[in-house]
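User: Please go through the packing in this model and give the reason behind each label.

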Amino acid sequence: DKFGKILVPTDGSPSSTAAVHAAVALARAVNAALVFFHAFPVFHGGAYGTADAARRQLAEAHEAAAKGAAATILEPAMELARAAGVRSEAHVAESERPWEAIIAAAKRTRSDAICMGSHGRRGLAGVLLGSETARVLTHCTLPVLVIR
């Protein structure tokens with residue numbers, strides 16, 4: 001199958017939730033498997049002078065909270081896929097740059113395409129804020145389906 005496995009990055013926003021729904025419908029239609037993916041921000045440490053033990057505790061708390069938040073985003077996506085009879089798996093990564101993590105996840109999971117939402121910011125806001133979707137489109141060699 002040309003599109004046997006589709007990566008679906010999601011951050012729980014309305015646009016990425018729309019992409020999850022579209023990806024489930026697409027996967028069902030073409031008998032593909034889905035890889036739901038969420039990237040959470042890197043922990044940058046406590047206040048200046050934080051002792052190593054305290055810093056380690058803060059880092060562990062950050063990771064636990066981030067993974068918990070990821071689960072609340074990924075579980076509904078997995079349930080939607082299950083309900084539609086679509087095979088799926090979920091992956092989480094820590095990253096400073098979500099677009100790089102998305103491309104790396106697509107390679108690591110051997111995905112054939114990416115289906116992701118776009119916040120649709122235009123004009124100055126789009127230029128200043130940039131877009132993870134635009135960066136994925138620019139730097140990725142896989143087909144990318146953008147859902148608005």
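**Helix pairs, sheet and a buried residue**

Analyst: Helix 3 and helix 5 are oblique to each other. The coordinates come from a predicted model.

User: Why are helix 3 and helix 5 called oblique?

Analyst: Their axes cross at roughly 45 degrees and come within 8 Å. Angles under 35 degrees would count as roughly parallel, and 65 to 115 as roughly perpendicular. The crossing angle of roughly 45 degrees falls in neither range, so the pair is oblique. The crossing is also right-handed.

User: Which residues make the contact between helix 3 and helix 5?

Analyst: Helix 3 supplies Pro-98, Trp-99, Ile-102 and Ile-103, while helix 5 supplies Glu-132, Arg-135, Val-136 and His-139. By class, this contact has five nonpolar, one polar and two charged residues.

User: What makes helix 1 roughly parallel to helix 2?

Analyst: The axes of helix 1 (residues 14-30) and helix 2 (residues 52-83) cross at roughly 25 degrees. Angles under 35 degrees count as roughly parallel, so helix 1 is roughly parallel to helix 2. These axes come within 10 Å, and helix 1 passes helix 2 in a right-handed crossing.

User: Which residues make that contact, and how many of them are nonpolar, polar or charged?

Analyst: On helix 1 they are Val-20, His-21 and Val-24; on helix 2 they are Ala-77, Leu-80 and Ala-81. Five are nonpolar, one is polar and none is charged.

User: What is the strand order of the open sheet, and why do strand 3 and strand 5 count as edges?

Analyst: The order of the five strands is 3-2-1-4-5, with parallel pairing. Strand 3 (88-94) and strand 5 (144-147) each have a single partner strand, so one side of each is left without a neighbour in the sheet. On average, neighbouring strands are turned by 20 degrees against each other, direction ignored.

User: How do you know that strand 1 and strand 2 pair?

Analyst: Pairing needs at least two bridges. Strand 1 (residues 5-9) and strand 2 (residues 33-40) have five bridges in the parallel sense, so the criterion is met. Within this pair, Ile-6 stands opposite Leu-34 of strand 2.

User: Which strands do helix 3 and helix 5 touch?

Analyst: Helix 3 (residues 98-108) packs on the sheet and touches strand 1, strand 2 and strand 4 (113-117). The direction of helix 3 makes about 145 degrees with that of strand 2. Helix 5 (residues 132-139) also packs on the sheet, touching strand 4 and strand 5. The direction of helix 5 makes about 160 degrees with that of strand 4.

User: Why does Thr-133 count as buried?

Analyst: Buried means under 20% relative accessible area. Thr-133 has 6% relative accessibility, so Thr-133 counts as buried. Thr-133 is found in helix 5. Leaving out residues up to four places away in sequence, Thr-133 touches Met-116, Gly-117, Ser-118 and Val-146.

User: What is the order of elements in the protein, and how much of the protein is buried?

Analyst: There are five helices and five strands, running β-α-β-α-β-α-β-α-α-β from the N terminus. Buried residues are 36% of the 148 residues. Of the contacts between residues at least 6 apart in sequence, 76% join residues at least 24 apart.

Terms used:
Residues numbered from 1 in each chain as written. Predicted model: local features only at pLDDT ≥ 70, side-chain atom pairs only at ≥ 80, totals over all residues. Heavy atoms only, no water. Axes fitted to C-alpha atoms, helices over the stretch in contact; angles between N-to-C directions. Helix = DSSP H or I, 4+ residues; strand = E, 2+ residues; numbered from the N terminus. Parallel < 35°, antiparallel > 145°, perpendicular 65-115°, else oblique. Left-handed = near helix turned anticlockwise from the far one by under 90°. Contact = heavy atoms within 4.5 Å. Nonpolar A, V, L, I, M, F, W, Y, C, P; charged D, E, K, R; others polar. Buried < 20%, exposed > 50% of the residue type's maximum accessible area, 1.4 Å probe, protein only.
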